[in-house]
Amino acid sequence: MNPSFPSGSPLLPLTIVALVSSAILHGQSVIPTTPPSDGITVTAGDWKSADGSTVKLPAATLKVSAPEIRKLEKSGDIPVNYLPRFESFDMWPADKGTPGPLNLSPARSDHGNTQILGGLYRQLVPGSLTLQSEDGSKTFKEGEDFKLHPTWPQVTNLSDRLGKPGSGKLKASYGIATQRLDLLQLKDGTLTIKPGKSYLVCPVLPEPDAGATAIAGIYVAPWQTDGKHVVSKEDIFPIRAFTPAPPVNPDGIAKSAAKLKGGEPLKIAFMGDSVTLGAEATAWTLNLWTEKNLTYASRVVTGLRKAFPSAKIEPIQAVQGGTTSKVAPQFFDEKVAPQKPDLLLIAFGLNDANSTIGGKPRVPVEEYKEGLRGVIGKARAIGTEVILVTPMQPGPFLKSGIATRIADYRDAMLALAKEEKVACADVYADWMHQADRGIPPFSQLHNWINHPGNHGHGVYADTILRFFTPGGAVKKETSAVPAIGLPQPDAESPLWRTKPRELPSAQEIAAKARPNAKIYGLYSWWNEYKARRSALKEVGWKSIRLGGPLTDEAMTALAEDGVEVLHTFGAPRFDHAKDGGKEDEYVVRYVAAFTEKLRRYGPGGSFFKDHPEVPNRPIIHWEICNEPNFQYLVPPDGRPNKELEAFRENIYAKLLIAAHQAAKLVSDQIKVVGFSTGGVSAGDLRFIKNVHTVDAGVARSYDILATHPYVDPAPPEGFSIQKWGDYSISTNLATIRKNLAQHQRGDAPIWYTEMGWEIPQEEGGRFPGKRAGSVTSNLQAACIVRNYALAMRLGVERVHVMFIHDSDQYNGGFFNRNGTWRPSAHAVKTMVSILPEPKFLDAIHEGEEDTYAYRFAPTSSASGKPVIMAWNIKGPATARIPFPSAHAVVTDMLGGKSTVAAEGGFLVLPIGPLPVYVTEQ
């Protein structure tokens with residue numbers, strides 16, 4: 001769900017009976033129709049359901065009913081006068097000892113009479129509020145007597161026009177729109193929408209009817225857009241298979257687990273804030289440690305008692321609402337240590353990361369991490385094992401930005417678990433996986449801010465209990481060829497072919513290779529990076545090519561995230577009317593603007609002097625223009641193409657030489673990335689060759705050469721067939737290397753700063769039309785991760801894939817616009833987790849019968865055992881791979897694992913276009 005919404009909504013009559021929807025469901029995503037229709041339009045096609053089976057979807061148009069409107073009345077104290085400082089808070093605050101704003105939400109209003117400890121976010125029906133004196137004798141006017149915060153909603157006084165704060169009562173009547181989750185389901189070849197019940201908070205997705213397949217959850221939001229209740233593509237959450245967050249370092253609680261299994265007594269302590277206290281689950285203040293209490297802590301205790309009935313489990317509480325991790329040492333000393341528990345669960349972060357709008361978090365992330373490290377040390381000293389519990393994502397609509405910032409605290413906790421070798425339950429990951437169940441995660445916030453409802457507390461409990469009651473067994477070992485992981489598709493196409501290629505010596509590449517976490521690159525624009533910042537961290541991209549304007553806000557975030565940045569410094573397009581005959585002046589203007597950016601954001605830049613609180617991570621790598629062989633530098637002007645190409649080559653030679661000289665005057669640390677040529681044809685090769693011949697100085701005017709080797713619809717190992725011939729990534733690279741060698745630059749570093757594979761609209765792509773170069777979502781994911789591997793084999797240091805979202809009429813995005821992940825994002829996350837700092841070792845198979853198997857060192861650590869990445873580019877096949885151990889763990893492209901036995905020093909594996917990773921057990 002897109003967290004950016006209009007700040008207010010125009011009036012709408014309460015008699016609305018249908019939603020205006022503009023969504024089409026396609027495979028695993030949703031995209032708008034043109035023009036919009038009154039309903040959800042589903043196109044016919046294959047659908048992969050949550051259990052992995054494929055079903056046929058028929059075409060259908062289905063109507064969605066409007067949200068239910070409830071009329072409410074509330075009496076409350078005359079509120080505080082409005083203060084400008086309130087705008088620094090998402091919800092206007094209440095000071096202790098004085099009446100605060102009047103909240104227009106019932107005191108006990110959810111369906112189970114559990115108090116809502118927040119507001120009803122954007123649920124006030126615009127124009128429905130009537131505010132009167134307690135006796136009804138006076139009706140007050142908004143903007144004259146009171147100020148309305150329509151988002152939460154709240155009322156404040158204006159210059160005592162409502163009366164002196166706290167001196168009397170007011171009564172309010174108003175309309176509140178409910179929210180709902182509907183289910184799109186398929187049964188007997190027919191699609192239907194099964195409406196859910198209406199709730200003020202925490203809607204529940206209905207179960208599919210008997211014999212029906214759940215296809216997607218439809219979020220019926222209470223707010224309006226442009227005066228209408230609408231369902232857009234961001235409101236539809238496809239139900240898909242996913243892997244629950246596995247326990248991190250489960251060996252860290254080995255003694256506690258053994259006690260449970262042995263039926264011994266176990267003391268378990270819970271330390272945390274209001275979420276661990278249980279707010280706002282059913283009976284959270286009552287019936288503790290029974291099944292009536294639906295808090296996550298109570299569920300963990302009752303779940304363990306049910307799973308291990310012989311073990312006596314004694315829970316201990318060390319919790320307080322509103323607290324940060326700073327209280328953890330005191331809580332431990334006073335409430336935990338005296339009882340010497342066997343196991344301690346630590347769950348802080350939501351209050352640590354909180355801030356006012358534009359303010360700093362209450363506890364900086366490094367201080368948070370080190371404070372928890374101290375508590376782990378205290379626990380170890382008394383023999384207590386620890387499970388860290390990562391915080392969930394709070395409300396993504398909060399202007400304080402905590403929803404993005406909380407990912408840093410989650411990352412810090414995961415890193416701490418790795419460093420201290422303690423267990424960690426990654427609740428954050430499972431919380432976000434609610435989207436894969438058809439449920440928008442934010443909808444399960446009981447207060448719309450940071451308290452989960454019953455379902456959310458269940459997510460916490462399930463993630464923790466997975467340490468003791470595993471959700472799935474490893475597949476049975478077998479010496480026969482096993483069925484492993486994802487179904488392998490047939491990928492052959494008449495649009496590409498395989499044939500012998502020019503490859504550098506694998507031994508020479510391996511001898512030069514170094515561990516390289518930054519091979520995993522992404523091409524992004526700042527607004528997209530900002531929108532998906534936490535997701536990008538979770539996937540694990542370490543190298544970002546940033547296009548478009550570079551601002552202080554962007555530099556702050558990128559420096560804080562610790563990613564390597566390549567900034568593309570584009571030039572205003574050459575204006576033939578204004579710049580014709582004045583090419584040198586054009587170059588001077590470019591260099592002046594380029595130098596200004598270098599002095600701001602490069603080494604020793606003024607930005608870091610102005611912002612000492614920001615990590616000093618200047619941008620070292622600067623790309624001189626984007627695809628200058630195309631229209632982005634010099635647009636067509638009517639002259640013959642050959643003449644126009646020559647002009648582009650000459651002006652770029654001047655630009656590159658001048659920019660390189662200017663960069664080195666600013667700092668020798670700066671690395672100039674040259675060319676960045678568009679590679680959808682042989683045009684990039686010709687441009688690189690010709691620019692070098694324009695001026696001998698060109699060869700000395702770049703530190704890195706970049707190119708964009710698009711070959712779709714061919715896979716990264718194949719040859720794309722064109723009318724003029726065919727070409728491949730590796731043969732183009734060999735040609736470039738040969739040309740550079742003529743200018744004594746044959747060993748120049750080469751980066752791929754843009755490339756990708758796109759999916760068609762029926763697979764979830766944003767833009768219409770099925771292009772010849774499109775592939776399925778799974779094949780897109782496979783091509784991307786295989787290309788990272790191939791790049792390492794070819795000695796290429798960086799690969800930046802385009803884009804975060806579908807953009808520029810190109811359906812190559814890793815994420816849908818509603819934030820849900822495509823298989824490509826999951827595949828990159830899997831590869832990064834298995835090969836975090838990969839180093840190419842050798843090639844086991846390289847194209848024989850279209851099979852590939854490369855061996856990589858996963859990290860720079862000498863103890864890291866090699867990882868084999870294997871696939872067949874055309875379709876299902878069997879590979880015979882030398883393997884020194886008796887058993888192997890085989891991980892599929894999306895993270896599913898199996899155990900396989902070796903025979904006679906070999907593994908016999910089913911493979912296909914979707915790669916697998918093989919490691920020793």
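E623 and R545 are both buried, and that makes them a good place to start in this predicted model. Their side chains don't just sit there side by side: E623 forms a salt bridge with R545, and the closest N and O atoms are 3.0 Å apart. Look at where the two come from and you'll see that the pair links distant parts of the chain. E623 belongs to strand β28 (residues 621-624), R545 belongs to strand β26 (residues 543-547), and the two positions lie 78 residues apart in the numbering, counted as 78 residues apart.

That salt bridge has plenty of company, with the count for the model coming to 49 salt bridges. Take E420 and R373 next, whose side chains meet in a salt bridge at 2.8 Å, N to O. Here, too, distant parts of the chain are linked, this time through helices: E420 is in helix α6 (residues 402-420) and R373 is in helix α5 (residues 365-381), 47 residues apart. Is E420 buried or exposed? E420 counts as buried because its relative accessibility is 18%, and the cut-off for buried is under 20%. R373, with a relative accessible area of 22%, is partly exposed.

A third pair to click on is K865 with E920, where the salt bridge spans 3.6 Å from N to O. K865 lies in the loop between β36 (851-857) and β37 (867-872), while E920 is in strand β42 (residues 916-920), so the salt bridge ties together parts that are 55 residues apart in sequence. Both ends are partly exposed: K865 has a relative accessible area of 48%, and E920 has one of 26%. Now go back to E420 and R373 for a moment, because salt bridges that share partners join them with K369, E370, R380 and E419 into one network.

What about an acid without such a partner? D235 lies in the loop between β17 (230-231) and β18 (236-238). D235 is buried yet has no salt bridge. How far away is the nearest side chain of opposite charge? That side chain is R122, and it is 9.9 Å away; a salt bridge needs the nitrogen and oxygen within 4 Å, so R122 doesn't qualify. D235 does have a backbone neighbour, though: a polar atom of its side chain lies 2.8 Å from the backbone nitrogen of S232.

On to the rings. A pair of aromatic rings is described by the distance of the centres and the angle of the planes. The model has 42 aromatic pairs. In one of them, Y652 and F675 are tilted, at 5.7 Å centre to centre and with 55° between the planes. The Y652 and F675 pair brings a helix and a strand into contact across the sequence: Y652 is in helix α16 (residues 641-666), F675 is in strand β29 (residues 671-678), and they are 23 residues apart. Both Y652 and F675 are buried.

Compare the geometry of F815 and W821, which form an edge-to-face pair with 5.6 Å between centres and 85° between the planes. F815 is buried, with a relative accessible area of 1%, and W821 is buried too, at 13%. Elsewhere the rings gather in a bigger group: Y121, W152, Y219, W223, F397, F442 and W448 form one aromatic cluster.

Rings also meet charges here. The charged end of K147 sits over the ring of Y82, 5.1 Å from its centre. R880 does something similar with F906, lying over the face of the ring at 3.7 Å from the ring centre.

F906 falls within strand β41 (residues 906-911), and so does I911. I911 is buried, with a relative accessible area of 1%. The C-alpha atoms of I911 and A879 are separated by 6.6 Å, although the two residues are 32 residues apart along the chain.

Last stop, a small piece of sheet. Strands of a sheet pair through backbone hydrogen bonds, either parallel or antiparallel. In this one, 3 strands form an open sheet in the order β9-β12-β11, with antiparallel pairing. β9 (102-103) and β11 (146-149) are the edge strands, each pairing on one side only. Between β9 and strand β12 (residues 154-157), the antiparallel pairing runs over 2 bridges. Which residue of β12 is the bridge partner of N103? That partner is Q154.

Key:
Residues are numbered from 1 along each chain as its sequence is written. This is a predicted model: local features need pLDDT of at least 70, side-chain atom pairs count only at pLDDT 80 or more; totals for chains, interfaces and linings use all residues. Side-chain values use heavy atoms; hydrogens and water are left out. Helices (H or I, at least four residues) and strands (E, at least two) are DSSP runs, numbered from the N terminus. Buried means under 20% relative accessible area, exposed over 50%, partly exposed in between (1.4 Å probe, protein chains only). Rings of Phe, Tyr and Trp (its six-membered ring) pair if their centres lie within 6.5 Å; planes under 30 degrees apart count as stacked, over 60 as edge-to-face and the rest as tilted. A charge sits over a ring if NZ of Lys or CZ of Arg is within 6 Å of the ring centre and within 35 degrees of the ring normal. Lys and Arg count as positive and Asp and Glu as negative; His and the chain ends are not counted. A polar contact is a pair of N or O atoms within 3.5 Å; within protein, one must be able to donate a hydrogen and the other to accept it, and residues adjacent in sequence count only if both atoms are side-chain atoms. Two strands pair if DSSP finds at least two bridges between them.
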